[in-house]
Amino acid sequence: MAYEVKNARLVAWVDEIAGLCQPEAVHWCDGSREEYDRLMAQMVDSGMAEPLQQRRHSHLFRSDPSDVARVEARTYISTTSQDDAGPTNNWVAPDELKKTMLALYDGCMKGRTLYVIPFSMGPIGSPMAKIGVELTDSPYVVCNMHIMTRVGADVVAELGPDGEFVPCLHSIGAPLEPGVADVKWPCAPMEQKYISHFPEENLIWSYGSGYGGNALLGKKCFALRIASAMAHREGWMAEHMLILRLISPEGKRYHIAAAFPSACGKTNLAMIQPTLPGWRAETLGDDIAWMKIGPDGRLYAINPEAGFFGVAPGTSYGSNPVAMDTVRENVIFTNCALTDEGDIWWEGMGVPAPRHAIDWKGRDWTPDRGEPAAHPNARFTAPAQQCPSISPDWEAPQGVPIDIFVFGGRRAGMVPLVTEAFDWDHGVFLGATASSETTAANIGAVGNLRRDPFAMQPFCGYNMADYFGHWLAMGDRLGPNAPRIFYVNWFRKSPEGKWLWPGYGENSRVLKWMCARIEGKVGAERTPIGLLPRVGDLDLSGLQLAPENLVELLRVDSAMWQAEVPDIERHFSQFGDRLPPRMAAQVDQLAARLRESQPVAQA
Ligand code: OXD
Ligand code: MN
């Protein structure tokens, strides 16, 4: 071990888990480049990793076809009372879940090495950072954690003899018997996969999957599910939000935190290149924000992660040039296609499909195959510091003060390009009722409408109704310092099914309107659903946008909205008495505003 561990609780826990899982060896990770390279070399030797000839220090992995995404159906929030997990989470009582999982963990690391990964979420030493320790039998997880978090001796030093840490136990669930050859991507069958959270004791147990948020436990499990429960108890916020700094031509800085469900362009917005002359953007984070009220009463945000775990398909020099430049070297690619030249390729990369490739399942692929070469949820894992638009302040220990919250989703109809909330409660209502049509990269049949409150439906570690209440309470505490809240929909289509808005860098025009609203420099129209820019309020200079598109983008169809109210009521009714009365009041107020805006029906 390259460092001394003085934390008795950590040493005892590692001993206990080693006794339970029975690994062949225990390795304490130091987070060094040498450690990363050694583990990668081992995985290249075993056939699990493929070095890429065309990208320096980068590798391709192919998962088992059954292990390609987060598994919400196998994800549990295990609290003593089921009500504390709430209706949006799967629940099993802690005793019962632990009994089931202990039987699975018994001997599950036989023939493998147990890696101890001490990691920090947030810059080490930041008052907002928190420490976790992941125990895993997957070297792929170790290398990804090196990129996605801060790993190693500094974390152990920070932990000291009696510091707090979140224990994160992970096993792929595939013991290796002597003399048996390993498979390329070992994992357990679906019915044995468990992604379990015990928020009452800040504990994470994951079994059976080696992929993404199921296995890199610092991300969704710790930084969102466990952290959201901690934040509720302790009076701060852990949100599924990108963090962006927008700088006006005059040099004024605005900090934006935005929540969208998976596959709605969060990474693209985090890396936006404004098309408006003189405007600039810097990236602070693309997925998670931890926020606390600072000494001046404003809300400060840090990005707890150190890398990007982005969806590859659809990423191109057209859609996100910054991401393309971020993934040139030092990257782990998972489930992308491999070209004959030794580079990766995916659908929507903006370059012609290779004439021949190896697909994500490891088979020969040609464009006539009729199946995608890369899995729709194929990913890149890349260090944040090599992102060309990364902010010089992305590791500022105190974080950045948030001015604007943005919620949104993917809706082909009805939802306007941008809406400003009337006030904080209305903004919380917009977040609580956020909805999106599903795509191939997320859950459910393509095109279904899914309510995804605050984009936290899969990530809230406690009763979602209490979470709405927590947002209301934070607004009460922030008072006049509260960020302003907006709702966007980049995805509205014409009746013929054509995108109405160009999106990407042009979204800076919508962000500029938000900044101008804060400064009181631009008007808005009061509609039943919120405050909307009037034609003329958005800076559309230099943009070829058909006038009828703009009218449609900003159109509020009261009749359609009225038809949506019962769905919102149904969504809220699942929370029963636990729904904050202030949220119930918002539905009534919306319904009343819509009624008033409609001509009275003729008898
Ligand atoms: C993600 C997700 O991977 O939200 O970030 O699914
Ligand atoms: Mn996410």
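Donors are N, O and S atoms within 2.8 Å of the metal. Keep that in mind for the first stop, and note that the model on screen is predicted.

**Stop 1: the manganese ion.** Select ligand 2, the manganese ion, and show the protein atoms that serve as its donors: NZ of Lys-220, NE2 of His-240 and OD of Asp-287. These lie 2.1 to 2.2 Å from the ion. Along the chain, the donors follow the spacing K-x19-H-x46-D.

Next, colour the loops that hold two of these donors. His-240 sits in the loop between β11 (237–239) and β12 (242–247), while Asp-287 sits in the loop between β14 (280–285) and β15 (289–293), so the pair ties together parts that are 47 residues apart in sequence. Both His-240 and Asp-287 are buried.

**Stop 2: strand β17.** Select residues 307–311, which form strand β17. Four of its five residues are buried, so the strand is largely enclosed by the rest of the structure. Now add strand β23, residues 379–383. The two strands pair in the antiparallel sense over five bridges. To see one of the bridges, pick Val-311 and look for its partner in β23, Arg-379.

**Stop 3: the cysteines.** How many disulfides are there? With a cut-off of 2.5 Å between cysteine sulfur atoms, the count is zero. Select Cys-168: the nearest cysteine sulfur belongs to Cys-221 and is 7.7 Å away. Cys-168 has 0% relative accessibility and counts as buried. Then select Cys-187, whose nearest cysteine sulfur, that of Cys-108, is 14 Å away. At 19% relative accessibility, Cys-187 is also classed as buried, because the cut-off for buried is under 20%.

Terms used. Residues are numbered from 1 along each chain as its sequence is written. Chains are lettered from A and ligands numbered from 1 in the order in which they are written. This is a predicted model: local features need pLDDT of at least 70, side-chain atom pairs count only at pLDDT 80 or more; totals for chains, interfaces and linings use all residues. Side-chain values use heavy atoms; hydrogens and water are left out. Buried means under 20% relative accessible area, exposed over 50%, partly exposed in between (1.4 Å probe, protein chains only). Donors are N, O and S atoms within 2.8 Å of the metal (3.2 Å for Na, K and Ca); water is not among the atoms, so sites may look incomplete. Two strands pair if DSSP finds at least two bridges between them.
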